[in-house]
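Here's a walk through one protein model, written for someone who likes to know the cut-offs behind each number. Have a look at the fold before reading on.

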Amino acid sequence: MPEGHVIHRLAHAIDESFGRLPVQVSSPQGRFAESAAQLDGYPIAAAEAYGKNLFVEFAAPVAEPVIHIHLGLIGKLSLTPLTPPVGQVRLRIANDTTTADLRGPQTCVLVSPERQAQIQASLGPDPLRSDADPDRGFARVKRSSKSIAALLMDQKVAAGVGNIFRAESLFRQGVDPFLPGASASEETLEAL
């Protein structure tokens, strides 16, 4: 499953590739066709990552102008030069030079900005965001007897952390993965 840094890279790539100009939105596979039709021809207002969630907001006059994407275990989002779709493409965003093709996501739905805010509020702080408040995650860790390794994988503690960053962080800081969260010092949490 892609970790948060991959989703941040994809959000940046979408912003860079599609700017604020109108795009074509389609669902070659057909499973997202009705939703895609509501956004077709409108510009992308912003692409934003929060943890393992990607939100692509369109400047469209609809109640749900945000595509919420979670790649899950098998999902892929690839940006490539303009070519015909290949395989089961759930969502395609395209302009005259570039396509963003989404295949096999766990989640691909339209949501309102209010629902986007609810999803983000249900997660812990995303350590890659400048607006992250690590104290929210630290508070959850300090109240738990679960291992620090298990807590780091909890998306309510730190949104976007996966097994790779969990293992690397613990190893580099020399922290025992079985250390109970409540026993972790503030310095250890800050370092992680």
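What follows goes from the overall chain to the sheets, the cores and the largest pocket.

**Ground rules**

This is a predicted model, so local features need pLDDT of at least 70 and side-chain atom pairs count only at pLDDT 80 or more, while totals for chains, interfaces and linings use all residues. Residues are numbered from 1 along each chain as its sequence is written, and side-chain values use heavy atoms, with hydrogens and water left out.

**The chain as a whole**

The secondary structure comes to seven helices and eight strands. Both kinds are DSSP runs numbered from the N terminus: helices are H or I with at least four residues, strands are E with at least two. The C-alpha trace spans about 55 × 30 × 25 Å along its principal axes. Of the 192 residues, 44% count as buried; buried means under 20% relative accessible area, exposed means over 50%, and partly exposed is in between (1.4 Å probe, protein chains only). Take the contacts (heavy atoms within 4.5 Å) between residues at least 6 apart in sequence: 60% of them join residues at least 24 apart.

**Two open sheets**

Strands count as paired here if DSSP finds at least two bridges between them. One open sheet has four strands in the order S1-S6-S7-S5, with antiparallel pairing. Strands S1 (24-26) and S5 (76-81) stand at its edges with a single partner strand each, so one side of each has no neighbour in the sheet. The twist averages 15° from one strand to the next. Angles like this run from 0 to 180 degrees between N-to-C directions, using axes fitted as lines to C-alpha atoms (for helices, over the stretch in contact).

Within that sheet, Pro-81 stands opposite Thr-98 in S7. Helix H1 (residues 4-18) lies across S5, S6 (91-94) and S7, and runs at about 30° to S5.

The other open sheet also deals in antiparallel pairing, with four strands in the order S2-S3-S4-S8. Its edge strands are S2 and S8, each pairing on one side only. Neighbouring strands of this sheet are turned by 15° against each other on average, direction ignored. S2 and S3 form a hairpin with two residues between them, and Gly-51 in the turn has a positive phi of about 65°. Two residues of the hairpin can be placed by their partners: Ala-46 has Glu-57 in S3 as its bridge partner, and Ala-47 stands opposite Val-56 in S3. On the S8 side, Val-66 has Val-111 as its bridge partner. S8 is mostly covered, with four of its five residues buried.

Here are the bridge counts for three antiparallel pairs.

| Strand pair | Bridges |
|---|---|
| S5 and S7 (residues 98-103) | six bridges |
| S2 and S3 | six bridges |
| S4 and S8 | five bridges |

**Nonpolar cores**

A nonpolar core is a set of buried Ala, Val, Leu, Ile, Met, Phe, Trp, Tyr and Cys residues joined through side-chain atoms within 4.5 Å. The largest one holds 27 residues, and Phe-58, Ile-67 and Leu-91 touch the most other members. Elements giving two or more residues to this core include H1, helix H2 (33-39), S2 (44-50), S3 (53-58), S4 (66-70) and S8 (107-111). The largest share, five residues, comes from H1.

Which residues does Ile-67 touch, not counting those up to four places away in sequence? Among them are Phe-32, Leu-39, Leu-54, Phe-58, Leu-91 and Cys-108.

A second, separate core has 13 residues, including Val-141, Val-161, Ala-184 and Leu-189.

**The largest pocket**

On a 1 Å grid over the protein atoms alone, a pocket is an open set of points where a 1.4 Å probe fits, with protein on both sides within 12 Å along at least five of seven lines; lining residues have an atom within 4 Å of a point. The largest pocket has about 500 Å³ of space, where the volume is that filled by probe spheres set on the points, joined across faces, edges and corners. Its lining has 24 residues, and Pro-127, Leu-152, Ala-158, Val-161 and Leu-192 lie nearest its centre. H4 (134-142) gives the largest share of the lining, four residues.

**Gln-173**

Gln-173 is found in helix H6 and is partly exposed, with a relative accessible area of 42%. Leaving aside neighbours within four places in sequence, Gln-173 is in contact with Ala-191 and Leu-192. The C-alpha atoms of Gln-173 and Ala-191 are separated by 7.0 Å, though these residues are 18 apart along the chain.
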